[in-house]
Amino acid sequence: MYPETILATLALITAILFYRTHNQTGLPRVGGKGPIGFILTALRSITSYEELLNEGLQNFGGKPFVLPTMTGQLVVVGPENLELVRTSDDSVINQPIALDELFQVPHTMNSRQMPLPYHTTVVRTDLTRATSSFIPEIVEETQLAMAEAFSPKSGEKSVIVPLFNTMLHFSARIVTRAMIGTTVCRNEDYLRESIRFAKTVVPYGQILRWFSKVFRPPIYFLLSSLFGGSKAPIKTLLPHLKRRLAEREEGIERNPRTICDFLIDHAPSEEIANPELLAMRVLNLNFGSIHSISRVGTFAIFHLATLSAFELDDIRKEIIDALESEGGFTKFSLSKMRKLDSTLREAARFHPPAFTGLPRSLVKPTTLADGTVIPAGHTIAFPLKHIHNNDPTVYPNPEKFEYFRFSKLREEDESNGKHQFTTVGKDLTLFGLGRHACPGRFFASMELKVLLSNLLLHYEVNLADGAKEVPQPTVLSSNMVPNRSARAVITPRPGQAGQKFGAL
Ligand code: HEM
């Protein structure tokens with residue numbers, strides 16, 4: 001290479017670095033000064049994100065500040081600004097742009113998702129309305145999946161499973177049953193590929209953002225060729241989607257209808273003519289559901305495994321009473337499982353998905369609650385762990401996991417549903433906030449309650465190696481997921497009360 005070319009390349013890299021690291025907000029910044037300080041702090045954020053965040057929250061007295069991350073500058077703002085997000089209509093504080101950028105959707109999925117989000121409409125309308133009609137299938141698939149994964153070998157009483165991976169498999173299988181039916185949901189290749197897709201979108205999004213826009217398509221090609229992407233699951237889905245489209249042409253309806261049927265109802269003609277585009281919508285919804293459901297479910301089970309026999313019987317009794325009074329799994333019996341609902345909400349409170357979250361892009365200069373103006377083009381985010389875990393005025397004893405925390409509040413405050421797992425608010429942002437709050441939360445709640453109630457009724461769950469404490473989450477950068485290597489000991493409970501509600 002000629003020296004001029006090397007110099008020009010270095011100059012270009014320096015210009016990009018300066019542009020990416022130059023603090024145009026006028027806000028204080030955590031970590032070292034100048035572009036080199038930025039880069040070193042961003043590198044530190046991979047392993048010490050919480051430390052940097054705490055540094056910013058303490059040093060700048062709760063005022064907004066810039067946190068250097070591997071994906072650029074993040075403006076961290078305090079909970080007093082949640083109201084701005086709750087009431088925003090995307091004209092100034094914008095969610096789709098933030099998510100498109102965060103997950104690099106045009107590369108990891110395609111550029112149609114943000115301008116044409118009909119899959120979101122499907123979840124918000126048809127799927128939410130049909131949630132209770134999916135219950136019998138979800139119960140059947142859950143019980144089958146558990147019977148397969150949790151049957152001890154002959155002569156043994158228990159099985160030991162890596163819990164998070166097992167939950168990923170369950171949630172992929174169960175959501176795919178509702179998505180497209182029994183054939184695909186029991187196709188192990190498809191489940192593996194769709195889980196891989198769901199797992200790779202976030203890291204690919206982060207890596208792609210290191211590069212300028214022109215380099216992103218070849219980098220995505222390289223990453224997906226090496227570690228997998230959308231191609232393999234789409235290939236498996238295609239024949240099934242084409243068959244369903246052909247059946248519908250002939251007027252053949254299926255009962256029960258699937259989420260794919262709802263997608264076909266809403267899809268524009270060009271996506272019907274090109275089922276690969278339709279398959280991408282399926283993957284987008286899989287991405288939204290598989291990882292999140294298994295994450296919350298795994299944390300909840302880890303905590304259930306540390307409860308006393310007395311506490312577990314308390315939850316089990318409520319489940320059995322609910323099933324007996326309603327004649328099995330129905331919308332009404334699930335709604336009577338308040339201690340389970342409370343366990344899920346407490347698991348969500350105790351284990352926020354990330355140290356910072358609820359990202360929003362500012363498309364116009366924005367005045368925060370304290371009068372600070374942030375220029376357009378920046379992304380703001382909130383310190384979730386501080387909101388959920390650190391403030392005793394919001395949650396008394398925030399450092400304690402109390403499975404009955406929210407069911408007790410519901411007993412005291414019967415008049416409204418603000419303490420339910422699916423309730424969205426400024427004190428608990430698992431499902432986001434405002435007009436983009438997760439529309440799939442009612443389906444997710446149904447799936448999780450079916451899963452956990454079946455687990456509690458038919459199995460004993462303990463942590464492997466006699467552990468009594470919930471395994472420490474795996475932390476990378478801002479994200480917190482259940483400990484991947486932690487295992488659970490699952491022992492069937494034959495002949496127990498509640499057996500009649502099982503298909504074991
Ligand atoms: C425990 C499970 C789940 C969690 C924790 C979760 C969490 C979230 C969060 C945080 C958002 C962004 C909200 C915001 O920015 O304000 C979101 C959006 C979304 N979720 Fe979920 N989700 C879950 C399950 C599901 C399921 C099962 C589906 C569909 C089957 C789904 C579909 C969606 C869709 C379509 C959006 C985009 C909404 C929009 O942009 O308007 N989610 N979810």
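Student: How many residues surround the ligand, and which are the closest?
Tutor: Keep in mind that this is a predicted model. The shell has two helices that each give at least two residues, α6 (118-130) and α15 (275-304). The full count around the ligand is 20, and the closest are Q95, R360, L433, H436 and C438.

Student: What is the make-up of that shell by class?
Tutor: Sorting takes Cys as nonpolar and His as polar. On that basis C438 and H436, both among the closest residues, fall into separate classes. Over the whole shell, the tally is 10 nonpolar, eight polar and two charged residues.

Student: How far is a polar side-chain atom of R360 from an oxygen atom of the ligand?
Tutor: Let's go through the polar side chains in turn. Q95 puts a polar side-chain atom 3.1 Å from a ligand oxygen, and H436 has one at 2.8 Å from a ligand oxygen. A pair of N or O atoms counts as a polar contact within 3.5 Å. For R360, the distance is 2.8 Å.

Student: Q95 also sits in helix α4, right? Which residues of α4 are buried?
Tutor: Helix α4 covers residues 95-102, and buried here means under 20% relative accessible area, with protein chains only. The buried residues of α4 pack against β3 (93-94), α5 (105-108) and β5 (356-362). Those buried residues are Q95, A98 and D100.

Student: Which backbone nitrogen does a side-chain oxygen of N94 reach at the start of α4?
Tutor: Look at both ends of the helix. Just after α4, Q104 takes a positive phi of about 50°. At the start, the N94 side-chain oxygen comes to within 2.8 Å of its partner, the backbone nitrogen of I97.

Student: Moving to empty space, how many cavities of 30 Å³ or more does a search of the whole structure find?
Tutor: Rolling a probe the size of a water molecule over the atoms shows where empty space is left. The largest cavity holds about 30 Å³ of space. With 30 Å³ or more as the cut-off, the number found in the whole structure is one.

Student: Which helix supplies the largest share of the lining of the largest cavity?
Tutor: The lining is made up of M146, F150, L163, M167, F170, I301, L451 and L455. By class, that is eight nonpolar, no polar and no charged residues. Two helices, α8 (163-180) and α21 (441-458), each supply at least two of the lining residues. The largest share is three residues, and the helix they come from is α8.

Note on methods. Residues numbered from 1 in each chain as written. Predicted model: local features only at pLDDT ≥ 70, side-chain atom pairs only at ≥ 80, totals over all residues. Heavy atoms only, no water. Near = heavy atom within 4 Å. Polar contact = N/O pair within 3.5 Å; in protein donor to acceptor, adjacent residues only side chain to side chain. Helix = DSSP H or I, 4+ residues; strand = E, 2+ residues; numbered from the N terminus. 1 Å grid on protein atoms, 1.4 Å probe; cavity = no way out; pocket = protein on both sides within 12 Å on 5 of 7 lines; lining within 4 Å. Points joined across faces, edges and corners; volume = space filled by probe spheres on them. Buried < 20%, exposed > 50% of the residue type's maximum accessible area, 1.4 Å probe, protein only. Contact = heavy atoms within 4.5 Å.
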